[in-house]
Structures are given as structure tokens and as C-alpha cells.
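Hi,

Here is the structure I said I'd pass on. Have a look at it first, and then read my notes below.

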Amino acid sequence: MSRSRWPKPWRLLPGPRTTPFTFGYTLLLVATSLFAEHADPELVHRLLQASSTDVEHLAQAPLLVLVASALWIAGGPASAYAVAFLIVLTALERRAGALRTAAVFFGGHVIATLATELPVGAAVALGHLPVDALQRLDYGISFGVMACTGALAGLLPGWARWPLLGGVTWFAVSNLLLSGDPVSDSGHFLALVLGTLAWPLLRRPRGPRPAAIVSGRC
């Protein structure tokens, strides 16, 4: 293999020109993570509560909390989902473009959140869960990351696609069976499935860029 064909490690990280969505989002997450680490803990807790996509907040201000909840990293910037965010979204955006990557991320985040929280509200209304389940703290980027992981698998060659998809599916299913947080873990599995459903759309070639308009004025 020639030197020019050796993999370049820096291509695993986002850049402002090649992956503008991932790069800008990363800067935003770095800012909120630094704030969460150094700001007054009581203030941070209040902001996280206000950003939570629990049933009560979804009923009051759904659009606000669906956006605000994706501005924080549960577990901090050293968590597995933070690392996966950098690698997976960079790889997906290089292949699918910024708009499609953003659509997969936020589509997975929103749909998985609603699909897991609305049954909680129904269970409380039927008396199967206590009332305080309506205020469970729920925020983070993990649903979006799982959706993008499922989507990325469809754009990789077979030798990489199936090991990635099999490994992440095993991770999601084992957590769902063994974890004490079935709401979040069922959302992770659902988001992964949603990402795979986006394969046909992502495999369509992106349209050509519009030609530059040449003005005749001096």
C-alpha cells in the first residue's frame, strides 16, 4: 500500500469545511459540557431538569425540550456516546452530507423520545406507574447517536457493515435485557432500527450542486 493510501486518523474527526454539521454541533456540546462541569451545580441541575424530555415537560413545551435535551451529554464528554458522536457523525456526514446527517440524528432523537415517553404517560394514567414517573430526568444525545450508527452501517461495505450493526445491536439488546432503565434502553434500540430504515434514502445520490450564476455587471 502506498503512503498516500494509508488511512488518515484526522479524517475520523469533524472539520468546519468537510463536516460542518458535526463540527458545529461538537463545539456546542463542548460548551455545554464545560458549563455543566464548572457552573454552580444547583443551576446546572435546574437547567437539566428544564431540558428534560419527561412526560410533564413534553406536555408543556414539546419543541423546546426536544431541542434543549439534545444540547447536553449524559455522562459527560468522556462517555462512550460522546466518543461515538464524534466518530459516527463524522463518518456519516462525509458520506451522506450535512442535511441528511442532521435529519437522521434529530429524527432518531425525536421519534425515539416520543415513542418511549408517551407510553410512560399512558402507564401512569392507567395506574401501572407512580406519578413521579412523569418527571423522570431524560436528556442527552444517545438516541441521535444510535440512529446515526444504524444509518452509517448501510453506507459501509459489507465487511464493515455487518460487524458494526451486529455489535451495536448486541449492545442495545443486552442493555435492554439487563439494565434497570428500560425506557432509555428501549429508546436506544428503537433509534438504531430507525437508522437502518433510512438506508434507502441515504443511498440515493445527492443532487448536483447548482451552477454558479455569472453576473454581467461590473
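Start with Phe-105: in this predicted model, Phe-105 touches Tyr-25, Phe-85, Leu-89, Ile-141, Gly-144, Val-145 and Cys-148, leaving out residues up to four places away in sequence. Phe-105 also turns up, along with Tyr-25, Phe-85 and Ile-141, among the residues with the most contacts inside the largest nonpolar core, which has 36 residues. Quite a few helices feed that core: H1 (20-38), H5 (80-96), H6 (98-125), H7 (142-153), H8 (158-178), H9 (182-197) and H10 (199-202) each give at least two residues to it. Apart from this core there is another one, of five residues, including Val-55, Val-120, Val-124 and Ala-133.

Stepping back to the whole chain, you'll find 10 helices and zero strands, so to speak a plain α-α-α-α-α-α-α-α-α-α when read along the sequence. Of its 218 residues, 41% count as buried. If you take the contacts between residues at least 6 apart in sequence, 77% of them join residues at least 24 apart.

Now for how the helices pack. I looked at three pairs, and H6 is in two of them.

H6 and H7: their axes come within 7 Å and cross at roughly 125°. An angle like that lies outside the 65 to 115 range for roughly perpendicular and is not over 145, and the two helices are therefore oblique to each other. H6 passes H7 in a right-handed crossing. On the H6 side the contact uses Thr-101, Val-104, Phe-105, Gly-108, His-109, Ala-112, Thr-113 and Thr-116, while H7 brings Phe-143, Gly-144, Val-145, Ala-147, Cys-148 and Ala-151. Sorted by class, that contact has eight nonpolar, six polar and no charged residues.

H6 and H9: here the axes come within 9 Å and the crossing angle is roughly 140°, which makes H6 oblique to H9. This crossing is right-handed. From H6 you get Gly-108, Ile-111, Ala-112, Ala-115, Thr-116, Glu-117 and Val-120, and from H9 Val-183, Ser-186, Gly-187, Leu-190, Ala-191 and Leu-194. The classes are eight nonpolar, four polar and one charged.

H8 and H9: which way do H8 and H9 run relative to each other, roughly parallel or roughly antiparallel? They pack at an angle of about 155°, with their axes 8 Å apart. Since the cut-off for roughly antiparallel is over 145, H8 and H9 are therefore roughly antiparallel. H8 passes H9 in a left-handed crossing. The residues involved are Leu-165, Val-168, Thr-169, Ala-172, Val-173, Asn-175 and Leu-176 of H8, with Pro-182, Asp-185, Ser-186, Phe-189, Leu-192 and Thr-196 of H9. They divide into eight nonpolar, four polar and one charged.

One last residue to click on is Ala-123, in helix H6. Is Ala-123 buried or exposed? Its relative accessibility is 16%, so Ala-123 counts as buried, the cut-off being under 20%. Setting aside neighbours within four places in sequence, Ala-123 is in contact with His-128 and Leu-129. Ala-133 sits 10 residues from Ala-123 in sequence, and their C-alpha atoms are 9.2 Å apart.

Over to you!

Terms used
Residues numbered from 1 in each chain as written. Predicted model: local features only at pLDDT ≥ 70, side-chain atom pairs only at ≥ 80, totals over all residues. Heavy atoms only, no water. Core = buried A, V, L, I, M, F, W, Y, C linked by side-chain atoms within 4.5 Å. Buried < 20%, exposed > 50% of the residue type's maximum accessible area, 1.4 Å probe, protein only. Helix = DSSP H or I, 4+ residues; strand = E, 2+ residues; numbered from the N terminus. Contact = heavy atoms within 4.5 Å. Axes fitted to C-alpha atoms, helices over the stretch in contact; angles between N-to-C directions. Parallel < 35°, antiparallel > 145°, perpendicular 65-115°, else oblique. Left-handed = near helix turned anticlockwise from the far one by under 90°. Nonpolar A, V, L, I, M, F, W, Y, C, P; charged D, E, K, R; others polar.
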